[in-house]
Amino acid sequence: MTFRPLHDRILVRRIDAEEKTAGGLIIPDSAKEKPQEGEVLAVGSGLRNDKGEVTPLDVKAGDRILFGKWSGTEIRLDGEDLLIMKESDVLGVIETPATARKAA
């Protein structure tokens, strides 16, 4: 199934949280919080301003983002849990250094 968000909405897949702490302790499922980091899968065309012109979104498919704890609406597409949220719910884009991108 393909999904295309409308206007200023984006489709996001949560990135799983770490299973261990920095000290090596394993975090049980009951103590884990939902991750606030995700990967943008699809974006809408943008918002229309008062003149009717479409303003494109700042995020694009493939971006890694941070969002608020209670942001978005949870949906299930093709058996996968995803989020639909407005671009305004995005706190920022995580950018990796150019050297890290080349290694990956």
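**View 1. Met85 sits in strand S7 of this predicted model.** Is Met85 buried or exposed? With a relative accessible area of 2%, Met85 is buried, because anything under 20% counts that way. Its contacts include Asp8, Arg9, Ile10 and Val12, and also Phe67, Ser71, Gly72 and Val90, leaving aside residues up to four places away in sequence. Val43 makes a handy landmark here: Met85 and Val43 are 42 residues apart in sequence, and their C-alpha atoms are 9.9 Å apart in space.

**View 2. Here is the largest nonpolar core, with 10 residues.** Met85 is one of its members. The others are Ile10, Val12, Val40, Leu57, Val59, Ile65, Phe67, Leu83 and Val90. Which elements give two or more residues to this core? They are strand S1 (9–14), strand S5 (64–67) and strand S7 (80–86). There is also a second, separate core of 5 residues, and among them are Leu11, Ala42, Leu82 and Ile84. As a bit of background, in soluble globular proteins nonpolar side chains tend to be buried together.

**View 3. Leu57 belongs to the largest nonpolar core, and this view shows what it touches.** Start with the run His7, Asp8, Arg9 and Ile10, which Leu57 touches. Then look for Val43, Gly44, Gly46 and Glu87, which are also in contact with Leu57. Residues up to four places away in sequence are not counted here.

**View 4. Six strands line up in an open sheet.** Follow the order S6-S7-S1-S2-S5-S8, with antiparallel pairing. Which strands stand at the edges? Strand S6 (73–77) and strand S8 (90–94) do, each with a single partner strand, so one side of each has no neighbour in the sheet. From one strand to the next, the twist averages 45°.

**View 5. Now for the pairing of S6 with S7.** These two strands run antiparallel and are joined by 5 bridges. To find your way along the pair, look for Leu77, which stands opposite Glu80 in S7.

**View 6. Arg13, Glu39 and Glu80 are linked in a network of salt bridges.** The side chains of Arg13 and Glu39 meet in one salt bridge, at 3.3 Å from N to O. Arg13 lies in strand S1 and Glu39 in strand S2 (residues 37–43), so this pair ties together parts that are 26 residues apart in sequence. Arg13 also meets Glu80 in a salt bridge, this time at 2.5 Å from N to O. Glu80 lies in strand S7, so the Arg13 and Glu80 pair ties together parts that are 67 residues apart in sequence. How accessible are the three? Arg13 is partly exposed at 30% relative accessible area, Glu39 is partly exposed at 29%, and Glu80 is partly exposed at 30%.

**View 7. Another salt bridge joins Glu37 and Arg64.** The closest N and O atoms of this pair are 2.5 Å apart. Glu37 is in strand S2 and Arg64 in strand S5, so the link spans distant parts of the chain, 27 residues apart. Glu37 is partly exposed, with 22% relative accessibility, and Arg64 is partly exposed too, at 38%. The salt bridge count comes to 6. In general, side chains of opposite charge can pair when their charged atoms come close.

Definitions and conventions: Residues are numbered from 1 along each chain as its sequence is written. This is a predicted model: local features need pLDDT of at least 70, side-chain atom pairs count only at pLDDT 80 or more; totals for chains, interfaces and linings use all residues. Side-chain values use heavy atoms; hydrogens and water are left out. A nonpolar core is a set of buried Ala, Val, Leu, Ile, Met, Phe, Trp, Tyr and Cys residues joined through side-chain atoms within 4.5 Å. Buried means under 20% relative accessible area, exposed over 50%, partly exposed in between (1.4 Å probe, protein chains only). Helices (H or I, at least four residues) and strands (E, at least two) are DSSP runs, numbered from the N terminus. Contact means heavy atoms within 4.5 Å. Two strands pair if DSSP finds at least two bridges between them. Axes are lines fitted to C-alpha atoms, for helices over the stretch in contact, and angles run from 0 to 180 degrees between N-to-C directions. A salt bridge is a side-chain nitrogen of Lys or Arg within 4 Å of a carboxyl oxygen of Asp or Glu.
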